[in-house]
Amino acid sequence: MTDDAVPFDDRGFAYGDGLFETVLVRDGQPLLWDAHLRRLARGAERLEIPLPDTQTLASLPGQAGAGLCVLKLLVTRGSGGRGYASPESPVPRLRWRFMPFMPQSTYWRDGVRVRLCRLRLGHQPLLAGIKHLNRLENVMARREWRDPDVAEGVLCDQHDNLVEATSMNLVWRRHGILETPDLAACGVEGTLLAALRERLSIRTRGVGIEALMEADAAWVINSVQGVWPLKQLDDADGTCLNRWPVHTAHWYLQQHAHPLLGYPHDVFDEA
């Protein structure tokens with residue numbers, strides 16, 4: 001863990017000028033680590049931020065010790081520059097912390113209720129896909145509900161096309177085909193989604209909420225929580241738009257995703 005104070009002039013603190021990764025670590029072994037490092041490198045290239053040396057990054061997960069935890073690491077452009085003008089030769093600042101973690105395992109079997117968010121994500125292709133520090137859209141979307149029975153919020157863009165959940169990616173099955181939203185203009189490309197796309201045929205679709213209405217199964221996924229089947233979709237006012245029976249058909253996606261995270265993929269058999 002590093003708890004060194006962040007200077008007041010740190011650009012990540014002041015402007016969200018930086019990147020972060022949230023990594024599941026099991027007994028000192030990071031899950032999907034290469035995918036996290038690739039996304040971090042892709043984000044650093046986009047933002048033109050030098051990454052810390054690879055040896056430093058590679059050594060972090062081994063400091064976790066036994067058990068299951070989450071490593072959150074942040075890389076900022078560091079200090080310097082004037083106003084929005086960045087320093088010509090930035091010195092990046094790396095901070096990290098390990099946090100004990102217990103996944104929401106009942107959601108794997110029982111499924112989750114989600115709602116549509118009123119907030120619409122703006123388009124910015126330069127920032128699309130990467131995990132930059134400025135997550136205000138997601139923060140404001142998550143503030144839209146307090147109901148503990150609602151596990152996630154579904155986000156659309158300014159053209160009402162599906163993008164993601166507030167902290168997870170979306171996948172659904174429609175007409176027998178796995179689909180996921182187009183993230184070319186906004187949204188975060190999750191590492192679990194990227195890993196699944198290497199193993200399964202998942203088509204990218206620029207579609208609206210009608211895709212979820214037509215789907216016979218849908219999921220929200222990320223590399224920390226795994227795969228949560230959707231059991232109910234509400235609109236922003238709480239009116240139910242669609243329900244799905246949660247059954248062994250959902251095991252298909254978990255079968256491919258959960259072994260990557262060390263999670264069980266036969267949760268229905270364990271019920």
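Glutamate 144 sits partly exposed in this predicted model, with 24% relative accessibility. Its salt-bridge partner is arginine 115, and the closest N and O atoms of the two are 3.2 Å apart. Arginine 115, for its part, is buried, with a relative accessible area of just 6%. Where do glutamate 144 and arginine 115 lie? The glutamate is in the loop between helix 5 and strand 6, while the arginine belongs to strand 5 (residues 112-121), so the bridge ties together parts that are 29 residues apart in sequence.

**More salt bridges**

Side chains of opposite charge can pair when their charged atoms come close. How many salt bridges turn up in a search of the whole structure? The count is 17.

Another one involves strand 5 again. Aspartate 160 and arginine 120 meet through their side chains at 2.8 Å, N to O. This pair also links distant parts of the chain: aspartate 160 is in the loop between strand 6 and strand 7, arginine 120 is in strand 5, and the two positions lie 40 residues apart in the numbering. Both ends are partly exposed, aspartate 160 at 43% relative accessibility and arginine 120 at 35%.

Then there's arginine 174 with glutamate 179, a salt bridge with an N to O distance of 3.0 Å. This one is part of something wider: salt bridges with shared partners join Arg174, Glu179, Arg205 and Glu214 into one network. Are arginine 174 and glutamate 179 buried or exposed? Arginine 174 has 11% relative accessibility, which is under the 20% cut-off and therefore counts as buried. Glutamate 179 is buried too, with a relative accessible area of 4%.

Here are the three pairs side by side.

| Acidic residue | Basic residue | N to O distance |
|---|---|---|
| Glutamate 144 | Arginine 115 | 3.2 Å |
| Aspartate 160 | Arginine 120 | 2.8 Å |
| Glutamate 179 | Arginine 174 | 3.0 Å |

**Pockets**

On to the pockets. The largest pocket has a volume of about 720 Å³. It is lined by 31 residues, and the ones closest to its centre are Glu152, Thr166, Ser167, Met168 and Asn222. Which elements give two or more residues to this lining? They are strand 1 (18-26), helix 2 (33-47), helix 5 (136-142), strand 6 (150-157), strand 7 (162-165), helix 6 (191-199) and strand 11 (217-222). As for chemistry, the lining of the largest pocket splits into 13 nonpolar, 12 polar and six charged residues.

The second largest pocket comes in at about 200 Å³. Its lining has 18 residues, with Gly122, His132, Arg135, Glu137 and Cys186 nearest the centre. Helix 5 gives the most to this lining, namely three residues. Helix 5 is also among the elements that give two or more residues to the lining of the largest pocket. By class, the lining of the second largest pocket has eight nonpolar, seven polar and three charged residues.

**A nonpolar patch on the surface**

Val6, Phe8 and Phe13 make a nonpolar surface patch of about 390 Å². Phenylalanine 8 is in the segment before helix 1 (11-15). Is phenylalanine 8 buried or exposed? With 73% relative accessibility, phenylalanine 8 is exposed, because the cut-off for that label is over 50%.

Phenylalanine 98, by contrast, counts as buried at 16% relative accessibility. It lies in strand 4 (residues 93-100). The C-alpha atom of phenylalanine 98 is 6.6 Å from that of alanine 64, though the two residues are 34 residues apart along the chain.

**Backbone oddities**

What about phi values? Aspartate 27 isn't a glycine, yet its phi is positive, at about 50°. You'll find aspartate 27 in the loop between strand 1 and strand 2 (29-30). Histidine 175 also has a positive phi, near 55°, and it too is a residue other than glycine. Its place is the loop between strand 8 (169-174) and strand 9 (177-181). Histidine 175 is exposed, with a relative accessible area of 65%.

How values were computed
Residues numbered from 1 in each chain as written. Predicted model: local features only at pLDDT ≥ 70, side-chain atom pairs only at ≥ 80, totals over all residues. Heavy atoms only, no water. Patch = residues over 30% accessible without salt bridge, like charges linked within 9 Å, V, L, I, M, F, W, Y side chains within 5 Å. Areas by Shrake-Rupley, 256 points an atom, 1.4 Å probe, with all protein chains shown as cover. Salt bridge = Lys/Arg side-chain N within 4 Å of Asp/Glu carboxyl O. Helix = DSSP H or I, 4+ residues; strand = E, 2+ residues; numbered from the N terminus. Buried < 20%, exposed > 50% of the residue type's maximum accessible area, 1.4 Å probe, protein only. 1 Å grid on protein atoms, 1.4 Å probe; cavity = no way out; pocket = protein on both sides within 12 Å on 5 of 7 lines; lining within 4 Å. Points joined across faces, edges and corners; volume = space filled by probe spheres on them. Nonpolar A, V, L, I, M, F, W, Y, C, P; charged D, E, K, R; others polar.
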